[in-house]
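Trainee: I would like a close look at one part of this model, the open sheet in the first chain. Please take me through that sheet, and then through whatever else is worth noting around it and in the other chain.

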Amino acid sequence: MTPALPAERPGCSAAPVLRQRGQREVFCGLTGIIWLHRKVQDAFFLVVGSRTCAHLLQSAAGVMVFAEPRFGTAIIEERDLAGLADCNEELDRVVDRLLARRPDIKLLFLVGSCPSEVIKLDLSRAAARLSVKHAGTTRILNYSGSGIETTFTEGEDACLAALVPELPTDTADQPGLMIVGALPDVVEDQFARLFAELGLARVHSFPARRADAMPPVGPGTRFLLAQPFLGETARALEDRGATRIDALFPFGAEGTTAWLHAAAQAFGIDEMHFRRVIAPGRERAKRAIAHSRTLLAGKRVTFLPDSQLEIPLARFLANELGMVPVEVGTPYLHRRHLAQELALLPRETLISEGQDVDLQLDRVRASRPDLTVCGLGLANPLEAEGLTTKWAIELVFSPIHGFDQAGDLAELFARPLRRRDVLKI
Amino acid sequence: MQLTVWTYEGPPHVGAMRIATAMDGVHYVLHAPQGDTYADLLFTMIERRGKRPPVTYTTFQARDLGKDTAELFQKAARDAFARFAPAAMLVGASCTAELIQDDPAGLVEAMNLPCPVVALELPSYQRKENWGAAETFYQLVRKLAAGTTPARGARPSANILGPTALGFRHRDDVIEITRLLDRLGIAVNVTAPLGASPADLARLGDADFNICLYPEIADTACRWLERQFGQKTVRTVPIGHGATCDFVAEVAALAGVDAGAVLDTSNLPWWSRSVDSTYLTGKRVFIFGDATHAIAAARVARDELGFTVVGLGCYNREFARDLREAARLYGVEPLITDDYLEVEEAIQALQPELVLGTQMERHIAKRLRIPCAVISAPVHVQDFPARYSPQMGFEGANVLFDTWVHPLVMGLEEHLLTMFRDDFEFSDHAGASHLGHGTPAEIVAAPVQAASGWSAEAERELLKIPFFVRGKARRNTERYATELGIAAITLETLYDAKAHYAR
């Protein structure tokens, strides 16, 4: 049992990438708030934007809007635009009212939107000003989740990158490991147990569950990306002296093994010990995946761009489930972070970056894959054309990382096909 | 700036999308940043449409800002026309594009597209979804019907105006009203915008009169058609048994036909008179929604089910005047607000026994453990049902009766819960049998005041009161105690208060 390492073949490393520009059927970065606010339990996300932004959050968050959520929108009104009201004063008033209502909030993000970016409302200065005003109780930061700058999961990247300069400096003698990317608590705990068994003493998650427990960073810090969409965050961490550990992303038995192995190697963990520790989880993952393999092997799959998870997921489906990726679309291709992933994709795969949705749908209709992974705006229309789909957003909201989720992850792709076979109507 | 968590209405361009999606052969080119395509999923998921909404977005990004975006818009419009070959096109800007001032109207005019093009001016920072839908429909009607010469047929005919995509029960209301008109011998000339083509809009003048089915959407267009073609407008909204009878009378008079053929076909009057419904008498109901549905619901609630209307409100200011008039009719304070926290406060203060509202009120009611039924948009996917379930007409009245009565603890069960409350099947934790969505433990208890001043004995007695009226009992007792300056609430205070507030 050898941990999977990138094979000595080029895969898609050098393949040309199809870049198209046209209508993009994607979410903006504001959507990241929906899972980020669940993760950091004393943070509030205040979008400064329009009614459209509020409507987007409400549509995307579904019923979560009612559980006294820790996000909201300061809706820019006509009088703000006409200069009748000073936007900064208005914002201060909204923030004061909000913090009075929710004194438990320790970290407030002012989240920029397309309207606030276009009118050039300086939220970073507003955040600095308000931080002084509310010093001692609430820290106020800002980032942009606007559609003109960010696509879906890039909202998390922007948010975490904004947090990096605020992280305490690591003064410990011993190097620490930082897991970067918001993961469901259950997954985070699983990884924490594995790293502890491996013998890594100082392992932190970023973001932490509470604003005052954010991990320290310094030249000794090695970090492992848990998500493929964290380009800015990685750069900000590197600016603070931390070093990225290059790895596959932890999807499937092989991906998770490789991811853990990269960390183990970086910290000089004994190879035999590593294998012993991960063996049970790896075996469980393989057994759980096998359940879906008969159904998925040989099936052709196309990913439309959505979250940047497409390439690692296509790698998992191709290598561990025997699927055949036809086209793998991504909103943005971070070549350096995905180098190992690209090398493992079958050479015939078409990699596309960006989107002209009508042309891309023409390609889907021409190639008629067995499964199309796409957004909710496209899924039902494609189903009505007889194409089986897997809606992509679930892949961001569900626990899919690590050994013990590998079976669930495979099942997410198998279920639409199983359903297609089971229905006699 | 306004702090918002929940909005009852989307931005006005979503209203325009509802018109474009409802129609055949109309394509909407929307100048909007990347991300605004989220609105597509309202149609594909909530309404479960099997087609993409006929909307092309320019989805500009930061790097496009500057001169580029105007070209981007023209390219998107050109490509959309080539691909979809629409019979008419809508062009407009979303909130961000409104700020960058590219002027879709001018840009598209310069392109000379070979189809009618309506350039929409939808002020995103002032107006909302319903207004956007009404304005879009009006502009389309004006563009396509102006200058046409009406050809009236021998058989009386009407247009049904207002149903859209993403409308609350619009699909079935149209079926119900069409059937009603058919039985009266009246032909439907055009139903619009739902299912209509631009060519259909061009023959709106052929009808003898118009039925303004949803004033929020159709009122502006109906007024224009009155002026343009001298068509009368039927303004009674046929929600409820009585309103449907009035509607039939109004339509029959306008068309010169006999109304007798269709009257009295709803089960609601007998169901409501039957003794099983006696316990409904005087149930205190709070009503909130769009003005049209709220006003109609109030009439049904009081006159046809025997409830007491204790609150009435709407979120769309455009129809505030109508709502205020209706509120006077019921002697209640009108609540006109789009802030759900205000609605929540009102519900908490009034402690109704039933809430009729939108998706939002459903959640408020769930938190406060008050029965609730949905009567108006915005609604979630479960209120776009597979089964036939109109709100309008006689079948609609049947649907209303069932929908509103089911969430209430049924007469017999209400007694059982009181009589046998110490039995485990009937204990608070069991709840009512038909309210079994989740165990009570998951439900947040009604945020009544902390039990200050309650004696242990009174507190225990309070627990013997069924959960669905306990909040009210506690509030009433505390209010009674405050008014009389009583510091310690005893068993006596509890029952004195009960006597005081007894109806």
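Mentor: What follows starts with the sheet and then moves to other local features. The model is predicted.

The sheet in chain A is open and has six strands, in the order β1-β12-β11-β10-β13-β14, with parallel pairing. Its edges are β1 (17-21) and β14 (389-391) of chain A; each has a single partner strand, so one side of each is left without a neighbour in the sheet. On average, neighbouring strands of this sheet are turned by 20° against each other, direction ignored.

Within the sheet, take the pair made by β10 (residues 300-303) and β13 (residues 371-374) of chain A, which is parallel and has three bridges. In this pair, T302(A) is placed opposite T372(A) of β13(A). Helix α12 (residues 310-321) of chain A packs on the sheet and touches β10, β11 (324-330) and β12 (350-355) of chain A. The direction of α12 makes about 170° with that of β11(A).

The loop that leads into β13 of chain A, coming from α14 (357-367), contains R368(A). The phi of R368(A) is near 40°, which is positive although the residue is not glycine. Most residues other than glycine have a negative phi, and most peptide bonds are trans. R368(A) is partly exposed, at 41% relative accessibility.

Chain B offers a counterpart for the backbone: Q351(B) also has a positive phi, near 45°, and is not glycine. Q351(B) sits in the loop between α14 (340-350) and β13 (354-357) of chain B. With a relative accessibility of 13%, Q351(B) counts as buried.

Two cis peptide bonds can be added. One joins F206(A) to P207(A), with omega about 5°, and P207(A) belongs to the loop between β7 (203-206) and β8 (222-225) of chain A. Another runs from A377(B) to P378(B), with omega near 0°; P378(B) is in the loop between β14 (372-374) and α16 (393-405) of chain B.

That loop of chain B also holds one end of a salt bridge. The side chains of R169(B) and D383(B) meet at 2.8 Å, N to O. R169(B) is in the loop between β6 and α7 (170-183) of chain B, while D383(B) is in the loop between β14 and α16 of chain B, so the pair ties together parts that are 214 residues apart in sequence. Both ends count as buried: R169(B) has 9% relative accessibility, and D383(B) has 8%.

Strand β6 (residues 157-161) of chain B is joined to β7(B) by four bridges, and the two run parallel. L161(B) stands across from A192(B) in β7(B). These strands belong to an open sheet of four, ordered β7-β6-β8-β9 in chain B and paired in parallel. Here β7 (187-192) and β9 (232-234) of chain B are at the edges with a single partner strand each, so one side of each has no neighbour in the sheet. The twist from one strand to the next averages 25°.

Back in chain A, helix α17 carries a salt bridge of its own. R415(A) and E411(A) meet through their side chains at 3.4 Å, N to O. The two are four residues apart in helix α17 of chain A, so about one helical turn separates them. R415(A) is partly exposed at 43% relative accessible area, whereas E411(A) is buried at 17%. V422(A) is also in α17 (residues 406-422) of chain A, and V422(A) is exposed, at 56% relative accessible area. Together with L423(A) and I425(A), V422(A) makes a nonpolar surface patch of about 360 Å².

One more site in chain A has a contact in chain B. C87(A) lies in helix α4 (residues 87-101) of chain A and counts as buried at 11% relative accessibility. Leaving out residues up to four places away in sequence, C87(A) touches D80(A), I119(A), L121(A) and M1(B). C87(A) is also 9.8 Å from D122(A), C-alpha to C-alpha, with their positions 35 residues apart in sequence.

Over all chains, a search of the whole structure finds 54 salt bridges.

Note on methods. Residues numbered from 1 in each chain as written. Chains lettered and ligands numbered in written order. Predicted model: local features only at pLDDT ≥ 70, side-chain atom pairs only at ≥ 80, totals over all residues. Heavy atoms only, no water. Pairing = 2+ DSSP bridges. Axes fitted to C-alpha atoms, helices over the stretch in contact; angles between N-to-C directions. Contact = heavy atoms within 4.5 Å. Patch = residues over 30% accessible without salt bridge, like charges linked within 9 Å, V, L, I, M, F, W, Y side chains within 5 Å. Areas by Shrake-Rupley, 256 points an atom, 1.4 Å probe, with all protein chains shown as cover. Salt bridge = Lys/Arg side-chain N within 4 Å of Asp/Glu carboxyl O. Buried < 20%, exposed > 50% of the residue type's maximum accessible area, 1.4 Å probe, protein only.
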